[in-house]
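Here is a quick tour for someone meeting this protein for the first time. Have a look at the sequence and the model, and then we'll start with a single residue and work outwards.

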Amino acid sequence: MTATSISCGDWGSPGVFDGAQADSLDETLEEDHSAPHSDVRDSASDSAPGRNGPRGAPVRHHCDHYAGHRFAHLERRKYGGEVVDACIVGAGAAGGVLAHRLAKAGLSVVVIEAGPYWDPATDFASDELSMQELAWQDTRIVAGANPLKLGHNNSGRGVGGGTTHFTGVFLRFHESDFKTYSVDGVGVDWPLNYQDLEPYYGQIEKEIAVSGPRYFPWGPFRGPYPYPERDRLSANAWMFRKGCEALGIRSVTTPLAILSAPFDGRPPCINRGFCNQGCMPNSKYSALIHHIPKAIAEGAEVLSDCMVTQIEVDPRGSVTGVVFHHDGKEYRQKARYVFLCNFVVETPRLLLQCTSPLFPDGLANSSGMVGKAIMPHSSHDMYAIFDEEIRLYKGTPVLATTQEFYETDPARGFARGYTLHAHGARPVEFASGLAEAGIWGKELRDALRDYNYFGRITLVGEVLPDERNSVTLADEVDEYGLRRAKVTFSYGENDKKLIAHAVETANRILEAAGGKPRYVVPDTAHLMGGCRMGSDPRTSVVDADCRAHDVPNLYICSAAVFPTGGGGNPTETVMALAARTADRFLERLQVRGRSSVELRV
Ligand SMILES: Cc1cc2nc3c(=O)[nH]c(=O)nc-3n(C[C@H](O)[C@H](O)[C@H](O)COP(=O)(O)OP(=O)(O)OC[C@H]3O[C@@H](n4cnc5c(N)ncnc54)[C@H](O)[C@@H]3O)c2cc1C
Ligand code: SF4
C-alpha cells in the first residue's frame, strides 16, 4: 500500500509562476496580504539546499518579508541595522499571535523563523511521505524508558510552526488544569488560573472562527462556538458516536480551528482529510496563513530560513538581540525585547547554550529548571476491525470527541484524566504505527489489506510533570556548532494507569459500535514544558506574564512554559497565553511611561 498523492481540493493558485518566469521579475513585489503565499518563486533563493519539495522541485523561497517586499536575500532589510522593539524567535502558534498583536500596537517587530515561508498552493501535497518536510527533522538524541519519537507527530519547522500540519482540534483547558496540585495533589499549580485566560480564549476563537457545537458539555465554557459545528461526519466519527451512545458516554462534534463556512477570504473545509500534510485550500487555521500575514500587514518584518543560534547579553544581564544564520552566513538582530517562541526542545537548547560569567548554567536558568519537566500527551491509538468499511482516510481526521473522563475520579485509582477522539489515519501512518508496535510480516500485510475496515480512537492523556523528563545538551554538535538536544522521557506510574484506563474505555467504545478491538499502538503527541512558568523564581523560569525571572527583557512564550499539560490538545491555550502575554507586555510598557510610539524612536 502506498501513500495517496491526490490534491486536497484545487482552489487554484493565482498566478503561480515557474522559476524561469520568476527570474525575469524584479525581486521587489507588491505584497497581497489577503493571500500570504508568494506568487513568485525565485530560483536565486534556495532556502533548503539539497531538499526537494513535494512536487520534486527544490524548495525555494524568499527569506525577507515585509509589506510590499519579498527578497531572496537579506541585503535590503527593513529593520536590519536597527534596534527593534521586539525580536520574536519562531513563527508558530505563539509567535504568530504575538507578532500580530505587537505590530498592531505600533511596535517595530522582527520575527525570525528557522524554516521556510511555505506556499500552500505549491509546497503542500496530499502525500504523507513528502509532507514530512513540514516537521522539525534535525537529529536529536532520545533517551529514557519511553524514548519519544520526535518529528512529524509533534513539531513543525517553517512559518506556521506546528500549526501548519496540526490536526486543528481546538480545545480550552479546564479550570482544574491550572491547579492540579491544589485540586488533586499532583503536578504543580500554574501562576494564573482559567479566568485569567478566559477572555483570550474567547478572542482567539472569534479571531480565527473556530467551528464547534452549540453546546459543549465539559469544562467552564459550554459554547456556542463562533462558527457552527462541522456537518459532514466521517464514518469513523459516526462509529465513535454510536459506540459512546450505546455506553451512555456523551460525545460531541469536535471544536476545530477549521472553517465550517467562508471566513476572511478562505473557503470552508472540503473534508478530504489531509490536515496533517498542510491544508492546501487554507480551510484550516495556521499562523502561516493567518497571524503572520496579518503581522506583516501591520508592519512586522519576517525572516524565514534563519536559524537563531545565540542570544546576546550585555554586562548588566539584559539581552541585546540575537545572532542568526542564513545560507552559511552569520547575522545579528538587535532588540530591546526578545521573545523566544521556539517551542519545547529548541528553547531550552538555545538557553542552555548561552552561557556566560553571569549565566554559567545557561540563560534564565538560575532555578536549574531550563529543560526540565517536559511533557508529551500520552496518545495511544486503539484500532478495531469492522464488518463494514470505515475508510479511515476519509474526512477531516478528528470529528468526534468525548471529555467524559477528563477530571480526576478517585475510583479510577489515578489522578487527572484524558480526552478521546475518533481519529482518522492515512495509510502510511496506519502501516508505520502498526510496524512500530511490533506487527510485522504476514500479520502486517493482512492488516494493510483490511485497512478500509479499521476504525480508530486516539487518546490525549495528561502526563504529569517530572523533572527527570528533560532536554539537555548532548556532546554531538550540529552544522552550526551547537550541541544537539538530548531528550529524555519515561512515563510515571500515574501516567501508566491513566493509559490503561483510556485503552480499556476506547476498546469498549469500539466494541459497542460493532468493532472487534485488534491493535493498541503506543504513541505520544504534542510537547509541553521545559521552561515552566511560576511565581517562585527558585522553581520556575518565567512568571505569569511569560517574562524570564532572571532577565528583565527576555520573554519565553510557547508550549514550553506549560507547568502541566492538561488532558486535551494544547494549542488554544498556547495562543490564548500568547495573546495575554502581548497585553501584559504592552501594559507594562505603558506603566513605565513608554508608549509604543516612544519606544520606536
Ligand atoms: C501532527 C501534529 C498534530 C497536532 N494536532 C494538534 C491539534 O489537533 N490540536 C492542538 O491543540 N495541537 C496540535 N498539535 C500541537 C501544536 O502544533 C502545538 O501545540 C503548537 O504548534 C505549539 O505552538 P508553539 O508556538 O509553542 O510552537 P510551534 O508552533 O512549534 O512554533 C515554533 C517555531 O519555532 C521555530 N524555531 C525553533 N527553533 C528556532 C530557532 N533556533 N530559530 C528560529 N526559529 C526556530 C520552529 O521552526 C517553529 O516554526 C499538533 C502538532 C503536530 C505536529
Ligand atoms: S481542513 Fe483538512 S480536511 Fe479540510 S480542506 Fe483542509 S486539509 Fe482537507
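Leaving aside its neighbours within four places in sequence, which residues is alanine 502 in contact with? They are His380, Tyr418, Leu420, Leu459 and Gly461. Keep in mind as you read that this is a predicted model.

Alanine 502 belongs to helix 11. Is alanine 502 buried or exposed? It is buried, because 25 other C-beta atoms lie within 10 Å, and 20 or more is what it takes to count as buried. Alanine 502 also has phenylalanine 405 at 8.4 Å, C-alpha to C-alpha, although the two are 97 residues apart in sequence.

**Two helices that cross**

Stay with helix 11 for a moment and bring in helix 6. Two packed helices are described by the angle between their axes and the distance between the axes. For helix 6 (residues 235-247) and helix 11 (residues 493-512), the axes come within 7 Å and cross at roughly 100°. The two helices are therefore roughly perpendicular to each other. On the helix 6 side, the contact is made by Phe240, Gly243, Cys244, Ala246 and Leu247, and on the helix 11 side by Arg508, Ile509, Leu510 and Ala512. By class, that contact has seven nonpolar residues, one polar and one charged.

What else does helix 6 touch? Its buried residues are Asn236, Ala237, Met239, Phe240, Arg241, Gly243 and Cys244. Besides helix 11, these buried residues pack against strand 12 (398-402), strand 13 (418-423) and strand 14 (454-461).

**Helix 6 and helix 5 side by side**

Here's a small table of lengths, with the expected span worked out at 1.5 Å a residue.

| Helix | Residues | Expected span | Distance between end C-alpha atoms |
|---|---|---|---|
| Helix 6 | 13 residues | 18 Å | 19 Å |
| Helix 5 (194-207) | 14 residues | 20 Å | 19 Å |

For helix 6, the end-to-end distance agrees with the expected span, and helix 5 agrees with its own too. In helix 5, the buried residues are Tyr194, Leu197, Tyr200, Tyr201, Ile204 and Glu205. An α-helix has 3.6 residues a turn, so residues three or four places apart point the same way.

Now check what comes after each helix. Helix 6 is followed by glycine 248, with a positive phi near 75°, while alanine 209, just after helix 5, has a positive phi of about 55°.

**Around the ligands**

Which residues come nearest to ligand 1? Of the 42 residues around ligand 1, they are Gly90, Gly92, Gly161, Gly162 and Ser558. Helix 2 (93-104), strand 7 (307-313), helix 8 (346-353) and helix 12 (571-591) each give two or more residues to this shell, and helix 2 has the largest share, with three residues. The shell around ligand 1 has 22 polar residues, 17 nonpolar and three charged.

Ligand 2 has 15 residues around it, and Cys269, Arg272, Cys275, Cys279 and Lys284 come nearest. By class, the shell around ligand 2 has eight nonpolar, five polar and two charged residues.

**Zooming out**

Finally, take in the whole protein. It has 13 helices and 19 strands, and 56% of its 601 residues are buried. Among the contacts with a separation of 6 or more, 74% are between residues 24 or more positions apart. The pairing of alanine 502 with Leu459, where we began, is one of the contacts in this protein.

Key
Residues numbered from 1 in each chain as written. Chains lettered and ligands numbered in written order. Predicted model: local features only at pLDDT ≥ 70, side-chain atom pairs only at ≥ 80, totals over all residues. Near = placed C-beta within 6 Å. Nonpolar A, V, L, I, M, F, W, Y, C, P; charged D, E, K, R; others polar. Helix = DSSP H or I, 4+ residues; strand = E, 2+ residues; numbered from the N terminus. Buried ≥ 20, exposed ≤ 12 C-beta atoms within 10 Å, placed from the backbone. Contact = placed C-beta atoms within 7 Å. Axes fitted to C-alpha atoms, helices over the stretch in contact; angles between N-to-C directions. Parallel < 35°, antiparallel > 145°, perpendicular 65-115°, else oblique. Expected span 1.5 Å × (residues − 1).
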